[in-house]
Amino acid sequence: MSTKKINTVLTVILMIAVFGKISDATTINVSVANFSFTPANINAVVGDTIKWNWVSGGHTTTCDGSNGTSRPSGAAPWDSDIDNGSPTFRYKITVAGSYHYVCVPHAPNMSGNINVVATSITQLNSIVTGYELSQNFPNPFNPSTKINFSIPASSNVVLKIYNELGKEIKTLVNQNLNAGEYQAEFSAADLSSGIYYYRIETSDFVLTRKMLLVK
């Protein structure tokens with residue numbers, strides 16, 4: 001092997017050692033047994049993979065519009081047996097939104113839900129004194145920016161991005177969170193320059209702020 005190739009391999013190994021992993025995407029495992037999916041409710045991020053693992057019985061994991069199942073517009077349907085002959089099935093999430101799936105032989109009682117957000121969020125502090133939605137930083141930004149918010153009590157939090165005309169662009173957060181301070185990252189790589197708005201909604205707090213994308 002040439003010196004150049006050896007140096008390239010060593011560089012890749014060093015990067016993996018330093019950064020731990022190349023992608024933040026994860027695999028979320030779901031156990032399939034008589035008569036439940038465990039966990040039945042999942043919070044995930046676009047890019048994650050859901051993996052169903054057979055434990056016992058004869059089942060399916062189905063989300064194709066039949067039997068009361070639903071998925072976001074643009075998301076691919078799925079329908080797979082989960083049994084001794086087909087013990088696993090993987091589905092990579094590419095679209096944010098809410099998914100409701102079932103085991104066809106045991107529907108509607110045997111079902112599961114997947115709530116998918118466009119980006120991951122990080123908890124910064126577990127002790128806060130009130131609701132807050134901070135100004136994004138940097139601002140103006142290109143192509144990504146960070147948004148911090150705080151909630152003093154457990155709540156379902158929805159954080160969405162809108163364009164200047166009020167059209168919804170992306171959902172960054174839509175899930176139950178414990179009290180604390182959080183940070184969400186918004187990437188606008190696929191958007192044009194202009195004014196955008198971000199809006200947070202909980203059961204007790206609603207606030208909208210403006211930000212500027214300059215490319």
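1. In this predicted model, V157 of strand β13 has Q175 in β14 as its opposite residue. One place earlier in the sequence, N156 faces N176 of β14 across the pairing. The two strands are joined by eight bridges, and their pairing is antiparallel. They make up a hairpin in which four residues separate β13 from β14. Within that turn, G166 adopts a positive phi of about 90°.

2. The hairpin strands belong to an open sheet of four strands, ordered β14-β13-β16-β17, whose pairing is antiparallel. At the edges stand β14 and β17, each of which pairs on one side only. On average, neighbouring strands of this sheet are turned by 15° against each other, with direction ignored. As general background, the strands of a sheet pair through backbone hydrogen bonds, in either a parallel or an antiparallel sense.

3. The largest nonpolar core contains 22 residues. Which of its members have the most contacts inside it? They are L133, F149, L159, I161, V173 and F186. At least two core residues come from each of the strands β12 (144-151), β13 (155-163), β14 (168-177), β15 (180-187), β16 (194-201) and β17 (206-213). In soluble globular proteins, nonpolar side chains tend to be buried together.

4. F186 merits a separate remark. When residues up to four places away in sequence are not counted, F186 touches F141, P143, S144, T145, I161, K170, L172, L191 and M211. Of these contacts, I161 is also listed among the residues with the most contacts inside the largest core.

5. A second core, separate from the one just described, comprises 21 residues. Its members include F37, I50, A75 and I82.

6. Another open sheet of four strands runs in the order β2-β1-β4-β7, and its pairing is mixed. Strands β2 (36-38) and β7 (88-92) are the edges, each pairing on one side only. From one strand to the next, the twist averages 20°. Strand β1 (residues 27-33) and β2 run antiparallel and are joined by three bridges. Within this pairing, S31 is placed opposite T38 of β2.

7. The aromatic residues deserve attention. Eleven aromatic pairs are found in a search of the whole structure. One of them involves F37 and Y101, whose ring centres are 4.8 Å apart with the planes at 65°, so the pair is edge-to-face. The cut-off behind this assignment is a plane angle over 60 degrees. Because F37 lies in strand β2 and Y101 in strand β8 (residues 97-102), the pair ties together parts that are 64 residues apart in sequence.

8. Are the two residues of this pair buried or exposed? F37 has a relative accessibility of 3% and therefore counts as buried. Y101 is also buried, with a relative accessible area of 0%. Both residues belong to one aromatic cluster, formed by F37, W52, W78, F89, Y91, Y99 and Y101.

9. G58 is found in the loop that lies between β4 (49-54) and β5 (59-63). Its relative accessible area of 42% makes G58 partly exposed, because that class covers values between 20% and 50%. What does G58 contact once neighbours within four places in sequence are left aside? The contacts are I82, D83, P105 and H106. For D83, the separation from G58 is 25 residues in sequence, whereas the C-alpha to C-alpha distance is 4.9 Å. I82, another of the contacts of G58, is included in the second core.

10. Some totals apply to the whole protein. Its secondary structure amounts to one helix and 17 strands. Of the 215 residues, 35% are buried. Among contacts with a separation of 6 or more, 58% are between residues 24 or more positions apart.

11. Finally, the confidence of the prediction should be considered. The protein has an average pLDDT of 87, and 88% of the residues score at least 70. Over residues 4-24, however, pLDDT stays under 50. For this stretch the model has four contacts beyond four places in sequence.

Technical notes. Residues numbered from 1 in each chain as written. Predicted model: local features only at pLDDT ≥ 70, side-chain atom pairs only at ≥ 80, totals over all residues. Heavy atoms only, no water. Pairing = 2+ DSSP bridges. Axes fitted to C-alpha atoms, helices over the stretch in contact; angles between N-to-C directions. pLDDT = per-residue confidence, 0-100. Contact = heavy atoms within 4.5 Å. Core = buried A, V, L, I, M, F, W, Y, C linked by side-chain atoms within 4.5 Å. Buried < 20%, exposed > 50% of the residue type's maximum accessible area, 1.4 Å probe, protein only. Phe/Tyr/Trp six-rings, centres within 6.5 Å; stacked < 30°, edge-to-face > 60°.
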